[in-house]
Amino acid sequence: PMPLKTTRFDAAEYLETEEDVWMFLQAALEEGTEEEFIHALNSAARAKGMTEIAKEAGVTRASLYKSLSAGGNPRFDTIRKVTKALGCRLAIA
């Protein structure tokens, strides 16, 4: 038999609509850790285009990559701006 070939899963490849992004971020926020939510923001930003999201959020592309990377520690203001740039809003329910 042929050897099994695997590839790394990247959620960014499956986030095609604003609704996809919203549902993905909602699930990460409700069910995940802070680190998992930041990782979800990274995936969503890459799906939509990191350059475009950085521009809309008013930050540099490099700083956005750094903030949303593994071990990154983005400020709340950055999270709010990125969420807005992704077409979502933060709310308390």
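Throughout, a residue counts as buried under 20% relative accessible area, as exposed over 50%, and as partly exposed in between, with a 1.4 Å probe run over protein chains only. By that yardstick Phe9 is exposed, at 63% relative accessibility. The structure is a predicted model, in which local features need pLDDT of at least 70, side-chain atom pairs count only at pLDDT 80 or more, and totals for chains, interfaces and linings use all residues. Residues are numbered from 1 along each chain as its sequence is written, and side-chain values use heavy atoms, with hydrogens and water left out.

As for the overall layout, the chain has 5 helices and 0 strands, where helices (H or I, at least four residues) and strands (E, at least two) are DSSP runs numbered from the N terminus. Along the sequence this reads simply as α-α-α-α-α. Taken along the principal axes, the C-alpha atoms fill a box of roughly 55 × 30 × 25 Å. Of the 93 residues in the chain, 32% are buried. Contact here means heavy atoms within 4.5 Å. Among contacts between residues at least 6 apart in sequence, 51% join residues at least 24 apart.

Phe9 also turns up in the 1 aromatic pair of the structure. Its partner is Tyr14, and the two rings are stacked, at 5.5 Å centre to centre with 10° between the planes. For such pairs, the rings of Phe, Tyr and Trp (its six-membered ring) must have centres within 6.5 Å; planes under 30 degrees apart are stacked, over 60 edge-to-face, and the rest tilted. Tyr14 is exposed as well, with a relative accessible area of 54%.

Helix H3 spans residues 50-57, and its buried residues are Met50, Ile53, Ala54 and Ala57. Looking down the axis of H3, these fall within an arc of 100°, so they line one face of the helix; the arc is that of the directions from the helix axis to the C-beta atoms. Thr51 and Lys55, on the other side of H3, are exposed. The buried residues of H3 pack against helices H2 (34-48), H4 (61-67) and H5 (76-85). Right after H3 comes Gly58, with a positive phi of about 75°.

H5 can be described in much the same way. Thr78, Ile79, Val82, Thr83 and Ala85 are the buried residues of H5. They cover an arc of only 160° around the axis, which puts them on the same side of H5. Phe76 and Lys84 sit on the other side of H5 and are exposed. The cover over the buried residues of H5 includes H2, H3 and H4. Just past the end of H5, Gly87 takes a positive phi of about 85°.

Ser67, in helix H4, is buried, with a relative accessible area of 19%. Setting aside neighbours within four places in sequence, Ser67 is in contact with Ile38, Gly72, Asn73, Pro74 and Thr78. Thr78 is also one of the buried residues of H5.

On to the pockets. On a 1 Å grid over the protein atoms alone, a pocket is an open set of points with protein on both sides within 12 Å along at least five of seven lines, and lining residues have an atom within 4 Å of a point. Grid points are joined across faces, edges and corners, and a volume is the space filled by probe spheres set on the points. The largest pocket holds about 380 Å³ of space. It is lined by 13 residues, and Gln26, Leu29, Arg89, Leu90 and Ala91 are the closest to its centre. Helix H1 (18-31) and H5 each supply at least two residues of this lining, with H1 giving the most, 4 residues. By class, the lining has 10 nonpolar, 2 polar and 1 charged residues; Ala, Val, Leu, Ile, Met, Phe, Trp, Tyr, Cys and Pro count as nonpolar, Asp, Glu, Lys and Arg as charged, and the others, Gly among them, as polar. Ala91 belongs to the segment after H5 and is exposed, at 56% relative accessible area.

The second largest pocket has a volume of about 280 Å³. Its lining also comes to 13 residues, of which Glu34, Glu35, Ile38, His39 and Gly72 lie nearest its centre. H2 gives the most here, with 5 residues. This lining divides into 6 nonpolar, 5 polar and 2 charged residues. Ile38 and Gly72 also appear among the contacts of Ser67.

How values were computed: 1 Å grid on protein atoms, 1.4 Å probe; cavity = no way out; pocket = protein on both sides within 12 Å on 5 of 7 lines; lining within 4 Å.
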